[in-house]
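Thanks for coming. I will go through the strands, then one helix, a surface patch and the salt bridges.

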Amino acid sequence: MRQYIALLLLLLVTIIFSLTTGSISIPLAEMFSEKYHTIIFEIRIPRMANAIIVGALLSVSGLMIQNLVKNPLADPYILGVSGASAMVQLLLIAFGIVLPFSLFMLTGFMATLLALLLLLLISSKKSLNSTNLLLSGVVLAFAYSAIISLILTLSPTATTKPILFWLMGDLGYSSFSLFPIIALIIGSLWIFQYHKELDLLARGEFFALKCGVNVRKTNLVLLVSASLFTAVAVSLAGTIGFVGLVIPHISRLIFGNKHAKLIPASIILGATLVLLADTLSRWLFAPTQLPVGIFTALFGVPVFLYLLRKNS
Amino acid sequence: MIKINQLNLKIENKILIKNLSLQLNKGEFWAIIARNGIGKTTLLKTIAGFTPSEPSLVKIKGRNITEYSVLERAQKISYLEQLQEEGLDCTVKQAVSYGRYPWHKFKLDNSDETKLIEKALMDMDLQDLQNKNLKKLSGGELRKVDIATILSQNSEIMILDEPLNHLDVAFRYHLMKLLKNLSQKKLIIMVTHDIQYVKEYCSHVLMISNKGKGISGKVSEIMTAENVKNILEIEPVGEIFKSL
């Protein structure tokens with residue numbers, strides 16, 4: 001419990017830091033004054049909300065994917081499902097098609113579902129086997145990424161920079177929408193009820209099966225929800241790297257391996273990391289904004305290496 | 001408790017076991033003996049319903065094994081694999097507690113579960129290792145954890161695929177004694193190559209010949225030097241066979 005309070009405090013401090021810092025610094029005392037009302041409520045709070053949601057979704061998604069493919073090096077993008085959504089959304093950007101934000105997200109979502117179906121068709125002849133899934137997913141991811149590179153090479157220079165930013169992860173383009181918040185709340189509650197099954201699955205698929213876990217159903221739930229989580233995150237902020245890979249590990253190093261603890265811990269830690277990284281990306285070279293993905297990695301790597309050393 | 005009716009087993013069109021009929025009851029401790037590659041593990045997995053037999057010829061308590069849900073099966077049958085997969089990190093106590101899953105899937109309070117978990121840890125002599133990570137255990141210790149897990153599962157039928165593997169000699173005797181005691185209230189089926197333990201601890205035996213033909217019955221009637229010679233195709237020489 002004490003650990004959770006510490007984590008929540010850390011998140012709170014990061015939130016305050018994020019709201020007061022940027023190209024314009026706002027003194028803490030005047031945070032909610034009339035003078036800064038527009039900046040705080042129309043710019044920084046929506047962006048903060050998106051950063052928190054993206055971080056939480058990517059972390060939970062990573063936690064589930066690592067469990068699903070039984071590989072600690074897996075991240076939410078490894079199965080390529082989100083690559084499909086990125087590909088379609090990039091096509092929209094590259095062709096200069098401007099859709100309302102909710103429609104833009106919906107397009108990514110549909111692409112994700114189609115990619116998921118394709119992955120299932122290819123990988124599961126009889127059952128959902130983690131090796132098959134991983135291999136088919138990785139190969140499909142390469143295909144999507146090749147098409148993304150193609151779009152990038154062929155598009156005019158003017159659109160290259162937003163695309164590059166988007167590939168490295170950037171919260172600057174998203175606007176506020178209620179849908180991701182609802183997706184996060186319902187999604188994490190939905191996945192939380194599988195925490196025992198996740199514990200057993202981490203021991204091995206046959207192990208879980210012989211202990212009474214409906215492995216096929218649970219794997220499908222994991223795959224579908226992790227893909228949708230990632231799709232929401234990708235439509236909000238592009239492909240932010242590192243969060244989904246490293247936050248589940250950091251959570252495991254602090255909280256052990258019970259998913260009843262790991263799911264909430266990943267949500268809070270992931271939210272904090274992305275929010276902090278985004279704030280730094282807005283602030284350090286202001287008014288120039290950097291892609292958030294740079295800072296998630298720069299921050300996450302030392303923390304992760306420290307914890308790894310401490311625990312081994 | 002288990003009824004097998006004219007079961008044929010094949011892998012990739014190679015017939016392994018022919019026309020096997022068996023009746024196994026509570027209070028019995030069965031050993032299955034055969035040479036390598038005869039299909040012992042496939043047989044165990046078919047009995048437990050992990051490998052579907054079509055049409056299912058295995059009945060447990062009068063009901064086709066394939067009709068049980070995954071959870072119901074785990075309440076009835078615990079299963080020890082020959083080799084447990086390597087999973088992500090986990091402590092000994094946690095791993096053993098997973099055996100309780102089929103009984104407390106929907107239960108929030110598990111306080112009465114701790115007794116069974118501790119008993120299983122004690123039976124397998126794991127109390128001192130209970131907070132250790134599985135990755136840091138030796139092969140024998142890992143085997144004990146796997147056995148403790150199915151002990152904590154506490155189901156009426158226990159199926160064990162070569163449970164003695166990796167264990168030291170003293171612990172093999174300990175385990176066989178433990179299983180014999182448990183079999184008074186359960187049905188235990190195990191595959192083993194250590195036939196010296198069978199005569200002493202098991203009540204029944206199924207021997208499968210290289211041609212896939214099985215003979216079964218009480219150990220005292222079936223485990224004869226002649227059967228060992230004919231069915232397993234080995235010359236019964238040495239200390240082990242003096243008792244036969």
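Before the strands, a definition: two strands pair if DSSP finds at least two bridges between them. Helices (H or I, at least four residues) and strands (E, at least two) are DSSP runs, numbered from the N terminus. This is a predicted model, in which local features need pLDDT of at least 70, side-chain atom pairs count only at pLDDT 80 or more, and totals for chains, interfaces and linings use all residues. Residues are numbered from 1 along each chain as its sequence is written, chains are lettered from A and ligands numbered from 1 in the order in which they are written, and side-chain values use heavy atoms, with hydrogens and water left out.

Chain B, then. Strand 1 of chain B, residues 2–11, and strand 2 of chain B, residues 14–24, are antiparallel and share seven bridges. Within that pair, B:Leu9 faces B:Ile17 of strand 2 of chain B. The hairpin has two residues between its strands, and B:Glu12 has a positive phi there, near 45 degrees.

Strand 1 of chain B also pairs with strand 4 of chain B, residues 58–60, antiparallel, over three bridges. Here B:Ile4 is opposite B:Val58. The result is an open sheet of four strands in chain B, order 2-1-4-5, with antiparallel pairing. Strand 2 and strand 5 (63–64) of chain B are at the edges with a single partner strand each, so one side of each has no neighbour in the sheet.

A second hairpin follows. Strand 9 (residues 204–208) and strand 10 (residues 214–218) of chain B run antiparallel, joined by five bridges. B:Val205 has B:Gly217 as its bridge partner in strand 10 of chain B. There are five residues between these strands, and B:Gly212 takes a positive phi near 90 degrees.

Now chain A. How far apart are the end C-alpha atoms of helix 10 of chain A? They are 32 Å apart, and the 23 residues (215–237) should span 33 Å at 1.5 Å a residue, which agrees; the expected span is 1.5 Å times one less than the number of residues. Of those 23 residues, 18 are buried, meaning under 20% relative accessible area, with exposed over 50% and partly exposed in between (1.4 Å probe, protein chains only). After helix 10 of chain A comes A:Gly238, with a positive phi near 70 degrees.

Last, salt bridges: a side-chain nitrogen of Lys or Arg within 4 Å of a carboxyl oxygen of Asp or Glu. There are 10 over all chains. One of them joins A:Glu205 and A:Lys70 at 3.8 Å, N to O. A:Glu205 is in helix 9 (residues 205–210) of chain A and A:Lys70 in the loop between helix 2 (37–69) and helix 3 (81–94) of chain A, so the pair ties together parts 135 residues apart in sequence. A:Glu205 is buried at 17% relative accessibility, while A:Lys70 is partly exposed at 23%.

Another is B:Asp146 with A:Arg203, at 3.3 Å, N to O. B:Asp146 belongs to helix 6 (residues 139–153) of chain B and A:Arg203 to helix 8 (residues 195–203) of chain A, so this pair joins two chains. Both ends are buried: B:Asp146 at 6% and A:Arg203 at 4%.

Finally, A:Asp278 and A:Arg282 form a salt bridge with closest N and O atoms 4.0 Å apart. Both are in helix 12 (residues 259–283) of chain A, four residues apart, about one turn of the helix. A:Arg47 is linked with these two in a network of salt bridges.
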